[in-house]
Amino acid sequence: MKVLGILSSPHKKGNSVLLLDAALQGAAAAGAEVEKVELAAMDLDFCLACGHCYASGECIHDDDVEKVKDQIAAADGVILASPNYINSVPAQLKVL
């Protein structure tokens, strides 16, 4: 079993990372292969609403989103760790 942890917080020592690390440690202790992705450290471009993805199935941006999508597809489980900023998630998670 493979578990992917996705951290959307830009804070490397915040509560979200502490909780995600604990969850991944628990998954690893249960025998899962774990991997963590930190969105704030990745190259993520904002959507331009150009419609190219609808026409071709591919985004115009050559960024790390495709890499994360492949990691999600390969995982048996995904944990999203995110703080709540003004009743929503951080921009990094919205881009993903």
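In this predicted model, the buried residues of helix α3 pack against β1 (2-7), β2 (33-38) and α4 (91-95). Those buried residues, in a helix that spans residues 65-74, are V65, V68 and Q71. Looking down the axis of α3, they fall within an arc of 120 degrees, so they line one face of the helix. The spacing fits a simple rule: an α-helix has 3.6 residues a turn, so residues three or four places apart point the same way. On the face of α3 turned away from the buried side sit D70 and A73, both exposed.

What does α3 lean on? The helix packs on a sheet, and its buried residues touch two of the strands, β1 and β2, as well as α4. That sheet is open and built from three strands in the order β2-β1-β3, with parallel pairing. β2 and β3 are the edge strands, each pairing on one side only. From one strand to the next, the twist averages 20 degrees. Taken as a whole, α3 touches β1, β2 and β3, and its direction makes about 145 degrees with that of β1.

The pairing can be followed residue by residue. β1 and β2 run parallel and are joined over six bridges, while five bridges link β1 to β3 (residues 77-81), again in the parallel sense. L4 has a partner in each neighbouring strand: E35 stands opposite in β2, and V78 is the bridge partner in β3. V3, for its part, stands opposite G77 in β3. β1 is also mostly covered, with five of its six residues buried. To get from β1 to β2 the chain passes through helix α1 (residues 15-29), and this β-α-β crossover is right-handed.

Zooming out, the protein chain has four helices and three strands, which follow the pattern β-α-β-α-α-β-α along the sequence. Its C-alpha atoms fill a box of roughly 45 × 30 × 20 Å along the principal axes. Of the 96 residues, 30% are buried. Contacts often link distant parts of the sequence: among those between residues at least 6 apart, 66% join residues at least 24 apart.

Next, the nonpolar cores. In soluble globular proteins, nonpolar side chains tend to be buried together. Here the largest nonpolar core has 11 residues: L4, I6, V37, L39, M42, L44, V65, V68, A75, L93 and V95. At least two of its residues come from each of β1, α3 and α4. A second, separate core holds eight residues, including V3, V17, L20 and A32. Two buried residues of α3, V65 and V68, are thus also members of the largest core. V37 gives a good view of how that core is wired: leaving aside neighbours within four places in sequence, V37 is in contact with L4, G5, I6, L7, M42, V68 and Q71.

Three other residues show contrasting surroundings. S16, in helix α1, has a relative accessible area of 12% and is buried. Not counting residues up to four places away in sequence, S16 touches L7, S9, A81, S82 and P83.

V34, in strand β2, is partly exposed, with a relative accessible area of 33%. Outside its four-place sequence neighbourhood, V34 is in contact with V3, L24, A27 and A28. C59 is 25 residues from V34 in sequence, and the two C-alpha atoms are 28 Å apart in space.

Is F46 buried or exposed? F46 counts as exposed, at 54% relative accessibility. The residue sits in the loop between β2 and α2 (52-56). Even so, F46 is in contact with H61, A91 and V95, leaving aside neighbours within four places in sequence. V95 is one of the residues of the largest nonpolar core. The C-alpha atoms of F46 and L96 are separated by 8.9 Å, although the two residues are 50 apart along the chain.

Note on methods:
Residues are numbered from 1 along each chain as its sequence is written. This is a predicted model: local features need pLDDT of at least 70, side-chain atom pairs count only at pLDDT 80 or more; totals for chains, interfaces and linings use all residues. Side-chain values use heavy atoms; hydrogens and water are left out. Buried means under 20% relative accessible area, exposed over 50%, partly exposed in between (1.4 Å probe, protein chains only). The arc is that of the directions from the helix axis to the C-beta atoms. Contact means heavy atoms within 4.5 Å. A nonpolar core is a set of buried Ala, Val, Leu, Ile, Met, Phe, Trp, Tyr and Cys residues joined through side-chain atoms within 4.5 Å. Two strands pair if DSSP finds at least two bridges between them. A crossover is right-handed if, with the strands pointing away from the viewer, the path from the first strand over the helix to the second runs clockwise. Axes are lines fitted to C-alpha atoms, for helices over the stretch in contact, and angles run from 0 to 180 degrees between N-to-C directions.
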